[in-house]
Amino acid sequence: MKKVDVVIGTFFGDEGKGKIIDFLASKADISIRCTGGNNAGHTVEAMGKKFAMHLIPSGLLNNAIGVIGNGVVIDPRVLLEEIKLLKDNGIDTNKLKISDHAHVILPYHIMMDKLLEEIRKSNKIGTTARGIGPCYCDKYERCGIRFVDFVGDNFKELLKINIEKKNAFFELYGKEKLNFEEVYNEYKEYARLLKPYMIDSVNYLHNEIENGKKVICEGAQATLLDIDFGTYPYVTSSNPTVSGFCAGSGLNVHQIGKVYGVLKAYSSRVGEGPYVTELLDETGDLIRELGHEYGTTTKRPRRCGWLDLVALKYAIRVNGITDLVINHVDTIGKLEKIKVCTGYKVNGKVSGDYTPNVEVLKKCEPVYEEFDGNFGDLSKVRKFEDLPVKAQKYINFISTYTGVRVSYIGVGPDRKQTIKL
Ligand code: IMP
């Protein structure tokens with residue numbers, strides 16, 4: 001039976017997972033998303049156009065069947081907009097399938113996300129304000145509305161109970177309350193439109209794999225944003241690590257094939273939270289401009305810094321990464337000197353072990369190794385041997401330090417500007 005290849009972000013997201021996902025999806029039958037919601041975003045090129053996808057598995061634009069797994073949280077309004085965008089561009093959306101057990105984001109989740117950030121005052125997380133965290137809270141509190149409930153007869157009752165509860169909270173903080181009838185009438189129409197896409201995704205995926213189909217998993221967010229393994233509380237509310245793959249799809253560990261860990265030749269982060277290799281100087285600004293580091297979903301300028309091999313080693317351990325994908329080698333190669341973090345110095349001792357403990361991270365000083373930059377124009381390089389020796393040395397160092405092979409190198413924004421090793 002064919003194994004399921006999984007694509008994982010190794011740092012704080014925005015590593016350029018879309019490129020490798022597109023490549024793998026073009027050879028796959030089914031592409032699944034297992035965690036997160038429309039806090040994710042990546043741009044896919046199809047039929048000569050660029051599409052910013054937030055929820056629909058981007059593999060669908062590469063002719064694969066796209067499955068939104070049970071671990072995802074779905075904003076129906078956003079999903080319908082994405083479906084419309086694809087339909088208007090002649091893309092077959094019948095290949096979209098939605099798990100009956102995915103949870104639904106409702107207006108009170110978005111209102112709650114914004115209100116909770118307000119209440120946090122100086123301890124803001126910097127969420128995407130898409131209602132992701134509050135929706136997962138309801139899932140674990142067991143008052144969430146799953147897709148099967150959303151399109152079923154008990155939606156009205158469940159919605160009523162939830163709105164009453166949330167309104168009491170909004171009232172407490174002097175916020176506007178939701179009108180149940182208005183929300184119900186709007187969302188029952190969304191449910192009607194989306195019902196045809198619903199499937200029993202767990203059995204569907206197992207049956208298709210048993211029938212010889214190739215499946216890939218499109219990771220969203222990344223390791224250091226993981227609710228368990230990330231820099232808590234500055235994390236997202238799901239498990240974007242490999243553990244989320246099983247919990248969010250119903251597939252099991254024996255079915256996992258390659259685990260691609262995606263990174264940039266530097267690093268970036270959006271939102272709050274510790275970031276050991278962050279550059280708060282003109283080099284950080286230069287990387288942001290050279291790498292166009294502004295959010296796909298929120299357009300926020302990203303914090304930028306050097307590549308952190310301590311964190312990368314942690315991501316490899318937590319996810320069982322088998323292959324590295326290094327993007328933006330062309331971008332970092334525009335700098336004269338490049339630094340890479342090989343250890344954290346804390347209380348006079350240097351360690352190569354990452355800890356997501358925020359208090360410890362605040363005290364960590366990065367220990368750097370320096371490399372020569374000025375790689376020259378890499379835009380047309382398609383073979384590793386054709387890269388300048390300086391670039392080869394940088395990449396080989398990453399591979400030797402981590403003990404993991406590098407399988408793909410990005411040398412430009414275009415899908416074709418990739419070196420396969
Ligand atoms: P939430 O996922 O909207 O709750 O946001 C929690 C944290 O995760 C914030 O710092 C967000 O900026 C960050 N985050 C969520 N999704 C992504 C992503 O796809 N890329 C990068 N950061 C993300």
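H103 touches N70, V72, V73, I74, C135, K139, G144, I145 and R146, leaving aside residues up to four places away in sequence. This contact list comes from a predicted model, in which H103 lies in strand β8, spanning residues 103–104, and counts as buried at 7% relative accessibility. The points below set H103 beside the chain as a whole, a buried lysine and the cysteines.

**Overall fold**

- The chain holds 14 helices and 19 strands, and its radius of gyration of 22 Å is close to the 22 Å that the globule rule gives for 421 residues, so the chain is as compact as a globular protein of that length.
- Taken along the principal axes, the box filled by the C-alpha atoms of the chain is roughly 65 × 50 × 40 Å.
- Among contacts in the chain with a separation of 6 or more, 76% are between residues 24 or more positions apart.

**Burial, surface and charge**

- Of the 421 residues in the chain, 57% are buried.
- The accessible surface of the chain comes to about 18100 Å², and carbon and sulfur atoms account for 51% of that area.
- The chain carries 58 positive and 54 negative charges, and the mean positions of these two sets are 2 Å apart.

**A buried lysine in helix α6**

- K166 lies in helix α6, which covers residues 155–172, and at 8% relative accessibility K166 counts as buried, because the cut-off for burial is under 20%.
- Leaving aside residues up to four places away in sequence, K166 touches Y108, M112, D138 and C143, so that an acidic residue, D138, and a cysteine, C143, are both listed among the contacts of this lysine.

**Cysteines**

- A search of the whole structure finds zero disulfides, and in the case of C143 the closest cysteine sulfur, in C137, is 9.2 Å from the C143 sulfur, which is too far for a bond because a disulfide requires two cysteine sulfur atoms within 2.5 Å.
- C143, one of the residues that K166 touches, is buried, with a relative accessible area of 13%.
- C246 is likewise in no disulfide, and the nearest cysteine sulfur, that of C34, is 8.6 Å away.
- With a relative accessible area of 21%, C246 is partly exposed, whereas C143 is buried at 13%; the value for C246 is not under 20%, and therefore C246 does not count as buried.

Key:
Residues numbered from 1 in each chain as written. Predicted model: local features only at pLDDT ≥ 70, side-chain atom pairs only at ≥ 80, totals over all residues. Heavy atoms only, no water. Helix = DSSP H or I, 4+ residues; strand = E, 2+ residues; numbered from the N terminus. Rg over C-alpha atoms; globule rule 2.2 N^0.38 Å. Buried < 20%, exposed > 50% of the residue type's maximum accessible area, 1.4 Å probe, protein only. Contact = heavy atoms within 4.5 Å. Areas by Shrake-Rupley, 256 points an atom, 1.4 Å probe, with all protein chains shown as cover. Lys, Arg positive; Asp, Glu negative; His and termini not counted. Charge placed at Lys NZ, Arg CZ, Asp CG, Glu CD.
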